[in-house]
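Ready to work through a protein model by hand? Have a look at the sequence and the 3D view below, then try each task before reading its solution.

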Amino acid sequence: MIKNKFKTKILLLIICLLVMLISTKKKELQIKEEVIYTGLNVYPAPIYLIDKDNYLAKTEVELEGKTDLDKAKEIIEILINDGKYEEKIPNGFKSVISSNTKIIDISLKDKILKINFNSSLLEINENKVIESLTYSLTSQENIDGIIIFINDKILNTDYNTPLTKEIGINKIFDLDNIEDVTNVTVYYLNKYNDLTYYVPVTKYMNDTRDKLTLIIEELNQTSTYTTNLMTFMNNDVKLISSTLEDENLILNFNEAILEDENYILEEVIYTILYSIEDNFEVKSVIFNVENKKILKKDLK
């Protein structure tokens, strides 16, 4: 009788332990599922912040907003230098908008974003603030342009509204006269510690050649107009031809663009790609070498 009672107690103890183990595994499984789900709600997005050389540079932040309007508002809040989103800003960069700036109202309709700010918006540097907002927000897929208001009144600028990337960024004027002026935005490289990143420069010049020719010529120069911006493109690179087919831009280069057989440096690819994206309305860019397809890159 005593043995049976002892066996019964042992059996009950084993059952209890099994129940606890199963319950613990379920909790662990639930925790893992929750972490994975949360991760899916983070979206990488391009944003233009001030770098160590006072250029507006293209970098990336993670957004948590679900709708296009939520993401736009989050980008603006990151651009406001109040420390609220400091952990999202990459090392070596800083926001450009005054910490006293507040969003009074914001709306998105027909891919045009309207933002109403208080009067603190332009306290620091009007041009850089406008360029940073415009380039950051219109880099979003469903925003084609922005309209800025200050205390319910539309902001008067030298640019047409809505504001788009046509306003230029980090502007350089290389002009002899006011006739035959062409502007082209070219992406160069800069470096902070071990991080290499992209810096757009809009150059105004007296040159009537097509923008593709100007982009490649700017990128394959042995030295840029300033020593702290770089280009990794070989100065022997030539653009043999370009063709637009169904919004796909086909670029045919000579072999000098290759680092080795069938391989183009990533830095060369993206300086060309980003430059094209800011100057042309195309869906993708195809890189050919001597008429042989090397790769295809889709744009926004």
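Here come five exercises, each with a worked solution.

Some ground rules before starting. This is a predicted model, where local features need pLDDT of at least 70 and side-chain atom pairs count only at pLDDT 80 or more, while totals for chains, interfaces and linings use all residues. Residues are numbered from 1 along each chain as its sequence is written, and side-chain values use heavy atoms, with hydrogens and water left out.

**Exercise 1: the overall picture**

Task: Describe the protein's secondary structure, burial, contacts and surface.

Solution:
- Step 1. Look at the secondary structure: there are 5 helices and 13 strands. Helices (H or I, at least four residues) and strands (E, at least two) are DSSP runs, numbered from the N terminus.
- Step 2. Move on to burial: of the 300 residues in the protein, 42% are buried. Buried means under 20% relative accessible area, exposed means over 50%, and partly exposed is in between, with a 1.4 Å probe and protein chains only.
- Step 3. Now contacts, meaning heavy atoms within 4.5 Å. Among the contacts with a separation of 6 or more, 59% come from residues 24 or more positions apart.
- Step 4. Finish with the surface: the accessible area is about 17,500 Å², and carbon and sulfur atoms hold 49% of that. These areas come from the Shrake-Rupley method with a 1.4 Å probe; for residues, only the protein chains shown count as cover.

**Exercise 2: a glycine and its surroundings**

Task: Is Gly168 buried or exposed, and which residues is Gly168 in contact with?

Solution:
- Step 1. Find the residue: Gly168 is in the loop between β6 (153-154) and β7 (172-174).
- Step 2. Check its accessibility: Gly168 has a relative accessible area of 0%, so it is buried.
- Step 3. List the partners: setting aside neighbours within four places in sequence, Gly168 is in contact with Glu131, Tyr135, Thr202 and Tyr204.
- Step 4. Follow the chain onward to Asp278: 110 residues separate it from Gly168 along the chain, yet their C-alpha atoms are 9.1 Å apart.

**Exercise 3: backbone oddities**

Task: Where does a cis peptide bond turn up, and where do Asp246 and Asn262, with their positive phi, lie?

Solution:
- Step 1. The cis bond joins Thr161 and Pro162, with omega at about 0°. Pro162 is in the loop between β6 and β7.
- Step 2. Asp246 is not a glycine, but its phi is positive, about 50°. Its place is the loop between β10 (239-245) and β11 (248-253). With 71% relative accessible area, Asp246 is exposed.
- Step 3. Asn262, also not a glycine, has a positive phi of about 65°. You'll find Asn262 in the loop between β11 and α5 (266-279). Its relative accessibility is 40%, so Asn262 counts as partly exposed.

**Exercise 4: rings and charges**

Task: How many aromatic pairs are there, and what sits over the ring of Tyr274?

Solution:
- Step 1. Searching the whole structure gives 8 aromatic pairs. Rings of Phe, Tyr and Trp (its six-membered ring) pair if their centres lie within 6.5 Å; planes under 30 degrees apart are stacked, over 60 edge-to-face, and the rest tilted.
- Step 2. Take Phe93 and Tyr197: the ring centres are 4.9 Å apart and the planes are at 70°, so this pair is edge-to-face. It links distant parts of the chain, with Phe93 in the loop between α2 (68-79) and β3 (103-109) and Tyr197 in strand β9 (residues 195-206), 104 residues apart. Both Phe93 and Tyr197 are buried.
- Step 3. Next, Tyr270 and Tyr274: with centres 5.4 Å apart and planes at 45°, the pair is tilted. Both lie in helix α5, 4 residues apart, about one turn of the helix.
- Step 4. Zoom out: ring pairs link Tyr187, Tyr198, Tyr270 and Tyr274 into a cluster.
- Step 5. Add the charge: the charged end of Lys58 sits over the ring of Tyr274, 3.7 Å from its centre. For this, NZ of Lys or CZ of Arg must be within 6 Å of the ring centre and within 35 degrees of the ring normal.

**Exercise 5: an open sheet**

Task: Which strands are the edges of the sheet β3-β4-β5-β6?

Solution:
- Step 1. The 4 strands form an open sheet in that order, with mixed pairing. Two strands pair if DSSP finds at least two bridges between them.
- Step 2. β3 and β6 each pair on one side only, and these are the edge strands.
- Step 3. Between β3 and strand β4 (residues 112-117), which run antiparallel, there are 6 bridges.
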